[in-house]
Amino acid sequence: MAWDFRDDLPIYSQLVDRLKRAVAAGKYPPGGKLPSVRELAADAGINPNTVQRAFGELERDGLIFTQRASGKYVTESAERIDEAKKQLAESEVHHFIISMRALGYERGQALQMLEESREGES
Amino acid sequence: MLGKLMKHEFRATARLMLPLYIVIAALAVFTRVSGWVLESSKQNSGLLSVVNGLLLFLFVVSLIASVIFAVVLMVVRFYKNLMTDQGYLMFTLPTDIHGLLWSKLFVSVIWFLGTILVDLLACFIVVYQSGMALDIYNGLRDLFSQLTSYYALNGAAFLLELLLFVVLSMLVGCLCFYAPISIGNSFSNHKGLLSVVFFFAIQFVGKILNIAGFFSLSDVNLNGFYNDASKMASLVHGAAWSLIVYQAAIGAILYFLTWLMLRRHLNLQ
Amino acid sequence: MPILECRGLTKNYGPVCALDHIDLSIEPGRIVGLLGPNGSGKTTLIKLANGLLQPTQGEILIGGEAPAPKTRAIVSYLPERIALIDWMTARQQLDFFQDFYADFQREAAEHMLAQLGIPLTQTVKQMSKGTREKMQLILVMSRKSQLYLLDEPIGGVDPATRDYILHTIISNYNPEAAVVISTHLIADVENILDDVIFLNRGKIALHSSVDEIRETRGMSVDALFREVFKCWEN
């Protein structure tokens with residue numbers, strides 16, 4: 001079953017985002033091998049060129065690297081991964097604040113709601 | 001490529017023609033056997049006579065039917081393989097239209113000749129009396145030598161000319177169907193109806209040409225020919241070759257028409 | 001060199017103009033959607049590429065040459081209709097393709113048939129419509145060709161078959177070949193397309209990459225299609 005993608009953004013950029021999140025979440029561990037272009041394209045139900053383009057961008061960002069004849073691998077650098085995590089998290093925060101503001105909650109109120117929220121507690 | 005097309009053509013048609021041949025052969029054997037049974041039975045059995053007569057009748061019918069079957073198969077095969085959805089497969093093969101047409105023409109003629117051969121053999125089975133084969137052979141040989149000596153006719157050449165004419169006529173016969181089907185199919189509507197119309201139109205034109213040719217030839221003065229044997233021979237050969245050339249010309253025209261329709265006006269739905 | 005090229009390609013059926021001076025170029029390695037409403041000229045363009053029709057004006061080139069037996073050997077065509085030989089078994093159909101097409105990969109085809117549970121001894125006549133469509137797709141995609149022309153490959157099949165067809169197209173992707181998918185069901189194929197061509201009443205209304213459309217217009221190709229073709233109806 002193909003993955004869901006938004007239809008108003010290029011798929012390659014959505015894939016970049018997805019893969020970054022997967023790396024951040026540890027689904028692809030540091031130094032771990034990524035699926036091949038063909039595998040990923042077939043799984044996601046998208047064009048292999050799109051996957052190629054996404055890989056290209058991740059490689060330029062330094063999050064993954066190519067090993068000739070072997071495929072693509074996640075970087076071993078914990079710093080780089082943490083940096084990516086931070087960027088994603090900042091983006092989440094940014095979107096959270098904007099959403100809350102749209103509902104009429106200012107930053108302070110939004111923070112308070114966060115404190116009082118019971119989600120995520122073990 | 002032509003070889004592959006012919007191989008495929010044989011596969012597709014043999015699955016119908018070979019069972020037909022088997023039926024003819026079987027009927028021939030049954031008829032023959034029933035004849036023996038009738039001969040060797042002591043009593044004057046009315047039932048056996050009826051059965052025998054029935055089988056004989058069926059046998060004759062099957063001979064006629066085999067010829068009709070071969071012709072109908074040739075026509076239906078062309079239509080089904082090239083003019084229906086199968087055409088999408090056939091016309092996009094890495095071959096040209098000539099290959100598609102000739103494979104069908106060759107295989108059709110081979111089946112026609114085969115049907116005649118099988119029918120003759122079947123008749124042979126039914127009526128064979130001992131020594132018949134030898135009689136036939138001797139009879140043919142006599143005919144041959146008569147033709148050669150009396151009419152100064154080259155028997156072998158004449159036979160070849162006859163065979164060539166027969167084969168050409170079969171090819172033209174096929175094209176008499178292929179051409180109108182191709183033309184009719186180039187229209188958007190009433191394809192079938194138009195095919196029939198064009199078939200009869202072509203037949204009509206053909207008959208007119210035959211009559212015209214016949215009348216123009218009847219003016220030829222034959223008086224000097226009857227007494228001179230060698231002149232007679234060349235007349236016969238000349239006539240044979242004129243007919244061959246005539247058939248070839250008709251065939252070429254019909255072939256060109258068919259090819260043109262399939263190349264420029266292929267109207268697969 | 002582009003694998004498919006049109007220069008001033010025009011096709012008239014009597015007074016009706018099906019294609020009007022089309023200029024087009026498709027490079028290998030691209031999956032291109034040929035999109036347009038019914039009667040826009042998509043099927044005519046594909047038939048011209050196959051040599052089933054002759055142009056009225058202009059030219060169409062496959063790998064630099066006009067359509068001929070030689071170009072048909074490198075073009076794999078999936079027609080809109082079922083073009084299988086009804087009395088043949090699946091095995092015989094494979095034999096047929098293997099016989100005529102040097103680029104046919106028999107093992108790949110047999111593997112796919114096995115995957116779908118289609119027995120080699122089943123005749124085409126016995127197969128259901130959906131099975132025939134899959135059979136035809138397998139035959140076409142098992143050829144290692146340079147140009148694949150798929151005419152409405154997913155119209156009229158159930159969603160699961162649709163997924164299978166798109167999956168097969170992706171899995172068979174070859175960077176040296178181009179795939180042209182002609183369809184009016186855009187939303188379903190959009191995710192696998194590199195480029196799209198909008199064809200309307202015989203003219204090219206748009207030729208762009210999917211990424212560019214989404215980046216510059218912030219909408220899907222499907223949405224853009226609806227917009228573009230709405231104008232023309234006014």
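This section describes the chain contacts, the domains of chain A, one helix of chain C and the confidence of chain B in a predicted model.

Contacts between chains were examined pair by pair. Two pairs of chains are in contact, and of these 2 pairs, chains A and C share the most contacts. Chain A and chain B, by contrast, do not touch. The nearest C-alpha atoms of chain A and chain B are 28 Å apart.

The contact of chain C with chain B draws 17 residues from chain C and 16 residues from chain B. On the side of chain C that touches chain B, helix H2 (69-72) and helix H3 (90-100) of chain C each contribute at least two residues. H3(C) gives the most to this side, with 3 residues. Sorted by class, the side of chain C that touches chain B comprises 12 nonpolar, 2 polar and 3 charged residues.

Within chain A, the domain assignment yields domain 1, spanning residues 11-76, and domain 2, spanning residues 79-116. The centres of domain 1 of chain A and domain 2 of chain A, taken over C-alpha atoms, are separated by 26 Å. The two domains are nevertheless in contact, with 8 residues of domain 1 of chain A meeting 5 residues of domain 2 of chain A. The side of domain 1 of chain A that touches domain 2 of chain A holds 4 nonpolar, 2 polar and 2 charged residues.

Helix H8 of chain C, residues 210-217, was considered by the burial of its residues. Its buried residues are Val210(C), Ile213(C) and Arg214(C). These buried residues lie on the same side of H8(C), because they cover an arc of only 90 degrees around the axis. An α-helix has 3.6 residues a turn, so residues three or four places apart point the same way. The exposed residues Glu212(C) and Thr216(C) are carried on the face of H8(C) turned away from its buried side. Gly218(C) follows H8(C) and has a positive phi, near 60 degrees.

The confidence of the prediction was assessed for chain B. The mean pLDDT of chain B is 87, with 91% of its residues reaching 70 or more. Among the elements of chain B, the highest mean pLDDT, 96, belongs to helix H3 (residues 86-90) of chain B. Helix H5 (residues 132-151) of chain B has the lowest, with a mean of 75. Where pLDDT is low, the predicted coordinates should not be read in detail.

How values were computed: Residues are numbered from 1 along each chain as its sequence is written. Chains are lettered from A and ligands numbered from 1 in the order in which they are written. This is a predicted model: local features need pLDDT of at least 70, side-chain atom pairs count only at pLDDT 80 or more; totals for chains, interfaces and linings use all residues. pLDDT is the predictor's confidence in each residue, from 0 to 100. Helices (H or I, at least four residues) and strands (E, at least two) are DSSP runs, numbered from the N terminus. Two residues are in contact if their C-beta atoms, placed from the backbone, lie within 7 Å. Ala, Val, Leu, Ile, Met, Phe, Trp, Tyr, Cys and Pro count as nonpolar, Asp, Glu, Lys and Arg as charged, and the others, Gly among them, as polar. A residue is buried if 20 or more other C-beta atoms lie within 10 Å of its own, exposed if 12 or fewer, and partly exposed in between; C-beta atoms are placed from the backbone. The arc is that of the directions from the helix axis to the C-beta atoms. Domain bounds come from an automatic or database domain assignment.
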